[in-house]
Amino acid sequence: MIPMKSVLAALALTTALTLPGLAMARPVTLTTTLNNYGGDGAYLAVYVTDPQGAYAGSLWMAGGKSKYYEHLPDWYRATGGDPAQINGITGASVGAGRTLEITLDLADALFDAGYTLHIDAAVENMRDSPNEVAVPLTTDGAGRPARGRRYIASFTYAM
Amino acid sequence: MKKTLALLVASTALTVAIGVPAWSAMRVPQDDAKPQPIAALFDDGQEALPLIFVSDDDDDDDDDREDRRSSRYGDDDDDDDDDREDDDDDDASGGALNPAPAGTVAPPQNGLFGNGAPPQIQVK
C-alpha cells in the first residue's frame, strides 16, 4: 500500500513540472503572402534577432537547396549557411502570388522582450532582398499586417 | 669500436624494418594457412583501392557554356535549368549539405521553440 502522502507529493511534483512547460510556449501562425513578381519560387529565411540585434535563431526556411542560401545575405552572414540552424524547419520555396502559413510552437520569452522577426527573400535572376520584413515580436503586434520591400505583399503573425 | 657497433645496430634495424614487411607481403600459395598480419594489411589496402576508369575522352565540362550563361549562380551545371523549385534531386553542391526537411527531425534547440512539436505548413 502506497502512502497517500507520497501519491500527493508525486502528483504535485509532476504538475509543477508540467505546468511551466505548457505556459512557456504557444502556437503562433506566421502568414506570408507574396506579390505577383513574375519570377520563380522565392526562398525565404525567417529568423529572429535579440534586443541587441544579434542573431538569435531561425524559425523557418522556405527553399531546400543550400547552394542558394548565400542569396539570403543577412541570414547567411549570421549563420554561415549552416544547415543545422534550419534542420526540421525547412520546406519548399514559395511561388509568386502564393500564401505560406506556418504554425510553430514558439517560446513566450520571444514576445514583448525586444526580439525582432526578420525575413530575407531571394528569387532566381531577380534582386536579392535582405531584411525584406522586420517586425518586433509583441502581443500588440499580433494580427497587424506588415508589408515587405520587394517580394512580400503582407506578413502577419497570429497567436 | 663503439661507433662500428652503433652502425651495425642501425643498419640491422633498418634492414629488419624494411625487409620484414616486404617479405611478409610477398604472395604465397592459397593453401598456406599461416597467419601473416603484415601481409594482411597490404591485402586490405589493395581491396580498398577504388577502380578508376581512365579515359582519353576530353570530358572537361567545356560543353556547357549555355547552362552557365543561363544561371547567374554559376554553380548549377545540372542541365535542368534549375528554377529553385524543389525538384527532389537533392544535389548538394560543393559538398554543402541540404537541411533536413520539416517533419523528418525535430526543430533545432535554439531556445525559440517550445516543446519540439513539428511545424504545420500550408501553402495556398
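Two strands are taken to pair if DSSP finds at least two bridges between them, and strands themselves (E, at least two residues), like helices (H or I, at least four), are DSSP runs numbered from the N terminus. With these terms in hand, chain A shows an open sheet of five strands in the order E4-E3-E2-E6-E7, with mixed pairing. Strand E4 (90-91) and strand E7 (129-136) of chain A stand at its edges with a single partner strand each, so one side of each has no neighbour in the sheet. Further in, strand E2 (residues 43-49) of chain A is joined to E6(A) by seven bridges, and the two run antiparallel. Thr49(A) faces Thr116(A) of E6(A) in this pairing.

The model is a predicted one, in which local features need pLDDT of at least 70 and side-chain atom pairs count only at pLDDT 80 or more, while totals for chains, interfaces and linings use all residues. Residues are numbered from 1 along each chain as its sequence is written, chains are lettered from A and ligands numbered from 1 in the order in which they are written, and side-chain values use heavy atoms, with hydrogens and water left out.

A second sheet brings the two chains together. Four strands form this open sheet in the order E8(A)-E1(A)-E5(A)-E1(B), with antiparallel pairing. Its edges are strand E8 (152-158) of chain A and E1 of chain B; each has a single partner strand, so one side of each is left free of a neighbour in the sheet. From one strand to the next the twist averages 15° (axes are lines fitted to C-alpha atoms, for helices over the stretch in contact, and angles run from 0 to 180 degrees between N-to-C directions). Within chain A, nine bridges link strand E1 (residues 25-34) to E5(A) in antiparallel fashion, and Ala25(A) sits opposite Ala107(A) in E5(A). Across the chains, strand E5 (residues 99-107) of chain A and E1(B) run antiparallel and are joined by four bridges; here Glu101(A) has Gln122(B) as its bridge partner.

Glu101(A) also takes part in a salt bridge with Lys124(B), at 2.6 Å from N to O (a side-chain nitrogen of Lys or Arg within 4 Å of a carboxyl oxygen of Asp or Glu). The count between chain B and chain A is one salt bridge. On the chain B side of this interface, strand E1 (residues 120-123) gives the most, with four residues. The residues on that side comprise 17 nonpolar (Ala, Val, Leu, Ile, Met, Phe, Trp, Tyr, Cys and Pro), 13 charged (Asp, Glu, Lys and Arg) and eleven polar ones (the others, Gly among them).

In total, 41 residues of chain B are in contact (heavy atoms within 4.5 Å) with 45 residues of chain A. The two chains bury about 3500 Å² between them, 49% of it on carbon and sulfur atoms; buried area is the accessible area (1.4 Å probe) that two parts lose on being put together, summed over both.
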